[in-house]
Amino acid sequence: MHLHRYEKIWLMLGTGALALFIVILSVNAFAMGMTPPSHMEMIDPKKVDQTAPFDKPGLKKIGPNEYELVMVSFAFGYQPGNVEVPKGAKVTFITTSKDVVHGFQIPGTNVNTMVLPGHVSKITHTFDEPGKFLILCNEYCGAGHQIMATHVIVK
Amino acid sequence: MNREDNVRVDRAAAKLSLAHIYVAFIGFAIAALCGLLQGLVRGGIVTLPKWLGYYQLLTTHGVMMGLVFTTFFIIGLFLAGAARTSDGKLSPAASKLGWIGWWMMTIGTGMATVTILMNDASVLYTFYAPMKASPWFYVGAALLVVGSWFGGYAIFANYAAWKKANRGKTSPLFQYMAVSTMILWQIATLGVAVEVVFQLIPWSFGWVDGVDILLSRSLFWFFGHPLVYFWLMPAYAVWYVSIPKIIGGKVFSDSLARTSFVLFILLSMPVGFHHQLMEPGISASWKMIHVILTLMVVVPSLMTAFSMFATFETTGRAKGAKSLFGWFKTLPWGDVRFFAPFMGMLYFIPAGAGGIINASNQLNQVIHNTIWVTGHFHLTVGTSVALTFFAAAYWIIPHLTGRKLTKTANRLGIVQTVLWLVGMSMMSGAMHFLGLQGAPRRTDYTTYFNDETALGWMSYQKLMAMGGEILFFSSILLIGLVVYLAFFAPKGEEEFPIGETSENAEATPKVLERWGLWVGIAAFLIVLAYGVPLAQQINHAPPASAGFRTW
Ligand code: HEM
Ligand SMILES: [Cu+2]
Ligand SMILES: [Cu+2]
């Protein structure tokens, strides 16, 4: 099929830019370790409260200023809520859902993951600044979806 | 004017097409009212009465705009266009299939609407399990989808009849585009059909007691992404075929136009994971493969952009424009049939850029499930596609009812378009801005217990609401014009513009009509992109989820 000369140039530039973009994305994801949250662990959604680590949700220190925060997501809240961590803490959030699909997002950070029943979600963030950070559910989960939120307090 | 230009769609085909277009605009009107209220509620300007929930409104808006308005309008447009390019008639088989489809879709829509009104299905138009709606909601959705298959069969039947009567000839471009869109639709809807028929219906009736959530979501998004191409391709058909005629020019290149449609069939299916980038249970490398395939769709979009502007320029030059951009002034800016879709194209530029952001896995982390996404698709489907459909309605309805788009109606149409653009810029602009700050989509009025961040969003929520008010006003004008053109405009003849291919374009390669080949490649790509991850999801599934009614 014949292509107009300008069209060839246009498509070549466009496709070239696209290829470059894809390379950057891949390097970003795999060489620099910035893949989106894709944790593969599973759990029985009917037995969340009896299954470790969700049988004892809460903050656990795992290193110098490094923490794991196990939270259960449910309609409509997170358990435990209003957890305090020190400034500079590197926190790995670990959560799953007891009922429907939820979201887990901290506005102003890159913390954003889906919470599916049957799957465990993990996401890590370092809190360099003190403050009161909002955690909210960003996936519609029912009549109280708009009040499904809590805070992390960084001191 | 040659003989072809005078073809009128006959009464039987007109009746069928109009039946679709009327349901489309009834759905649109209901949805526009919901949209207005959503904006006002989120902005804290009104509070809903006890008997009406925010999520009930939002379910109605999503179903009516995203599924009913679009699907009915698209099938109505294609049936009319198929008749217009087949001497004004649909083949007998096509008419029959078309009516079967219309009845199924209309009954399905009715069933879904009743369950939503009774608050038994406030699950939004994506109906994510394990929220469990009334089984009749899912049955209604299934009827809507299967009915639309019959709409597709009608298009195929008419195309086959045309081919039989015109052996060896290249099919009309408009019919080719209708056929490719409907092929895409048949394949895409398989995903949601399997989800609804094999997972959700048995579970909602209580015949089985659990659902695999991740699998249901993957099946949904197998459908959910090509759904947006199902909206877009008919608009592209109008851009490629009708706009050249309206501006007094020729179709730039028949083969390029067909190639871009084939590419859409191939590239729009194996990409659904870009809607599930933030999900556990799908590995990062499979996500990346879908991201790459998603981004490839940039190529046919660039081809379309080139064709459109080449048509504008060659037409302007043929009319005597000399300077570098002189052709721009020769375009018929005062004709709503050109002005509205042109503005749609213009808005597609930022919309497409936003789409690239959404599809990139790291950037997606910033905007996933924020109201940025809602802002994005109000530009793509809510502006580019919607404005093109409005403009098409302004000529198709009078063409089918034997009336005329009068000068005044044309002028009001331009006012309607401008209002839509102003309203959408405000609403969608505010949504994009809010989303970047992390404000979630699909969320009733909230300050999250007076959280400072959330309180800071409120002024933009109000701007969003104001945009919604202007959009609602534009919608009233639109509905008024639709009713006027259908029942009150003066009798006369309104053209259904179908462009001819320019003389110096080459013959169209035959391979473009070898559908078996394209469907085969599409199937191959789908197996490549989905085979392994879906097999993993089925073989390593977590225990199934029970249903919940959380609203
Ligand atoms: C009168 C003009 C319109 C207004 C005022 C409007 C307003 C809105 C608002 C405020 C939302 C978001 C609510 C939320 O996430 O909490 C929304 C969602 C949506 N709108 Fe519109 N919209 C309009 C036109 C359209 C059009 C023309 C389409 C498509 C053809 C459309 C399709 C959708 C869809 C699919 C959703 C998502 C529903 C969901 O998240 O479940 N809207 N609209
Ligand atoms: Cu929620
Ligand atoms: Cu998509």
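**Entry 1: the shell around ligand 1**

I sorted the residues of the shell around ligand 1 in this predicted model and found 13 nonpolar, 9 polar and 3 charged, where Ala, Val, Leu, Ile, Met, Phe, Trp, Tyr, Cys and Pro count as nonpolar, Asp, Glu, Lys and Arg as charged, and the others, Gly among them, as polar. The shell holds 25 residues, the closest being Arg42(B), Tyr54(B), His61(B), His378(B) and Arg442(B), and a residue enters it if one of its heavy atoms lies within 4 Å of the ligand.

I then looked up polar contacts, meaning pairs of N or O atoms within 3.5 Å. An oxygen atom of ligand 1 lies 2.7 Å from a polar side-chain atom of Arg42(B), and an oxygen atom of the ligand is 2.7 Å from a polar backbone atom of Arg442(B). Two or more shell residues come from each of α1 (11-42), α2, α12, α13 (407-436) and α15 (458-488) of chain B; helices here are DSSP runs (H or I) of at least four residues, numbered from the N terminus.

**Entry 2: the iron atom**

Which protein atoms are donors of the iron atom of ligand 1? I found His61(B) (NE2) and His378(B) (NE2), lying 2.0 Å from the iron atom, with donors taken as N, O and S atoms within 2.8 Å of the metal (3.2 Å for Na, K and Ca) and water not among the atoms. His61(B) sits in helix α2 (residues 54-84) and His378(B) in helix α12 (residues 371-401) of chain B, so the pair joins parts 317 residues apart in sequence.

Why is the arrangement octahedral? Because the 6 donor atoms subtend angles of 87 to 180°, the term requiring opposite donors over 155 degrees apart and all others between 65 and 115. Ideal angles for six octahedral donors are 90 or 180 degrees.

I noted that His61(B) is buried at 13% relative accessible area and that His378(B) is buried at 14% (buried is under 20%, exposed over 50%, partly exposed in between, with a 1.4 Å probe and protein chains only).

**Entry 3: the copper ion**

For the copper ion (ligand 3) I recorded His225(B) (ND1), His274(B) (NE2) and His275(B) (NE2) as protein donors, 1.8 to 2.1 Å from the ion, with the spacing H-x48-H-H along the chain. His225(B) is buried at 9% relative accessible area, whereas His275(B) is partly exposed at 24%.

**Entry 4: conventions**

Residues are numbered from 1 along each chain as its sequence is written, and chains are lettered from A and ligands numbered from 1 in the order in which they are written. Local features need pLDDT of at least 70, side-chain atom pairs count only at pLDDT 80 or more, totals for chains, interfaces and linings use all residues, and side-chain values use heavy atoms, with hydrogens and water left out.

Conventions: Tetrahedral: all angles 85-135°; square planar, octahedral: opposite > 155°, others 65-115°. Polar contact = N/O pair within 3.5 Å; in protein donor to acceptor, adjacent residues only side chain to side chain.
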